[in-house]
Amino acid sequence: MKSNKAGETVKTTSLPRVTKLKKGDRVKQITGKIKTNAATIGTVKEIDTKNGRVLVEGLNLVKRHSKGNPVKNTPAGIITKEAAIHVSNVLLVCPKCLKPTRIGYKILEARKENGKINKVRICRRCHEQIDD
Ligand SMILES: [Zn+2]
């Protein structure tokens with residue numbers, strides 16, 4: 001849920017789902033610019049649904065030259081930071097079988113407390129539930 005300038009709640013559920021990933025998921029980068037010896041597994045820090053990209057901790061590192069910003073307390077010099085990766089370039093690492101997998105959904109018979117359908121993400125490899 002996001003709020004607009006007027007402070008009203010804007011429904012985001014009607015937007016097409018760009019990714020089944022969530023913040024905190026462990027993902028593996030499968031394609032794209034992967035440097036030799038670079039890490040390919042990291043944790044999702046941010047999801048950019050507009051551009052279909054995810055920011056993954058420790059992955060897709062780029063060097064930026066920074067002049068420094070005393071207000072934000074950022075140092076000058078060359079800084080290494082993560083660049084967002086397109087969602088199609090990463091796969092979720094299943095917490096159960098520890099393999100990179102595509103995500104499926106399972107609808108649970110028991111509904112949520114608010115009466116809504118309880119849909120959970122499942123691993124397409126081991127079919128285990130990913131979320132609690
Ligand atoms: Zn699995």
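Let me start in the interior, with the largest nonpolar core of this chain, which has 12 residues, namely Val27, Val44, Val54, Val56, Leu59, Ile85, Val87, Val90, Leu92, Cys94, Cys123 and Ile130. The elements that give two or more residues to this core are S5 and strand S9, the latter spanning 90–93. As a general remark, nonpolar side chains in soluble globular proteins tend to be buried together.

I should say straight away that what you have in front of you is a predicted model, so let me turn to confidence before going further. The chain averages a pLDDT of 87, and 87% of the residues score at least 70. Confidence is lowest in strand S1, residues 2–3, where the mean is 54, and highest in S9, where the mean is 97.

Now the overall make-up. The secondary structure of the chain comes to zero helices and 12 strands, and buried residues make up 14% of its 132 residues. If we take the contacts between residues at least 6 apart in sequence, 43% of them join residues at least 24 apart.

How are the strands arranged in the open sheet? Six of them form it, in the order S8-S5-S4-S3-S9-S10, and the pairing is antiparallel. Strand S8, residues 85–86, and strand S10, residues 100–101, are the edge strands, each of them pairing on one side only.

Let me walk through part of that sheet. Strand S3, residues 26–29, pairs with strand S4, residues 41–48, in the antiparallel sense over three bridges, and here arginine 26 stands opposite threonine 43 in S4. S4 in turn pairs with S5, also in the antiparallel sense, over four bridges, and in this pair glutamate 46 stands opposite leucine 55 in S5. The hairpin of S4 and S5 has four residues between the strands, and within this hairpin glycine 52 takes a positive phi near 65°.

I would like to stay with these two strands and look at three residues, beginning with valine 54, which we met as a member of the core. Not counting residues up to four places away in sequence, valine 54 touches Thr19, Leu21, Val44, Glu46, Ile47, Asp48, Ala84, Ile85, Val87 and Val90; among these, Val44, Ile85, Val87 and Val90 are also listed in the core.

Leucine 55 lies in strand S5, residues 53–56. Is leucine 55 buried, exposed or partly exposed? It is partly exposed, because 18 other C-beta atoms lie within 10 Å, and a residue counts as buried with 20 or more. On the same exclusion of residues up to four places away, leucine 55 touches Lys45, Glu46, Glu82 and Ala84. Leucine 55 and lysine 23 are 32 residues apart in sequence, yet their C-alpha atoms are 9.3 Å apart in space.

The third residue is isoleucine 47, which is found in strand S4 and is partly exposed, because it has 19 other C-beta atoms within 10 Å. Leaving out residues up to four places away in sequence, isoleucine 47 touches Thr19, Leu21, Lys23 and Val54. The C-alpha atoms of isoleucine 47 and lysine 22 are separated by 7.4 Å, although these residues are 25 apart along the chain.

Next, a pair of strands that is not listed in the order I gave for the open sheet. Strand S6, residues 61–66, is joined to S7 by six bridges, and the two run antiparallel, with arginine 64 standing opposite isoleucine 79 in S7. Strand S7, residues 77–82, is hardly covered, in that the count of buried residues among its six residues is zero.

Finally, two backbone details that are worth finding on the structure. Most residues other than glycine have a negative phi. Leucine 98, however, has a positive phi of about 60° although it is not a glycine; leucine 98 is found in the loop between S9 and S10, and it is partly exposed, with 13 other C-beta atoms within 10 Å. Histidine 127, again a residue other than glycine, has a positive phi near 60°. Histidine 127 lies in the segment after strand S12, which spans 118–123, and histidine 127 is partly exposed, with 13 other C-beta atoms within 10 Å.

Note on methods: Residues numbered from 1 in each chain as written. Predicted model: local features only at pLDDT ≥ 70, side-chain atom pairs only at ≥ 80, totals over all residues. Pairing = 2+ DSSP bridges. Contact = placed C-beta atoms within 7 Å. Core = buried A, V, L, I, M, F, W, Y, C linked by C-beta atoms within 7 Å. pLDDT = per-residue confidence, 0-100.
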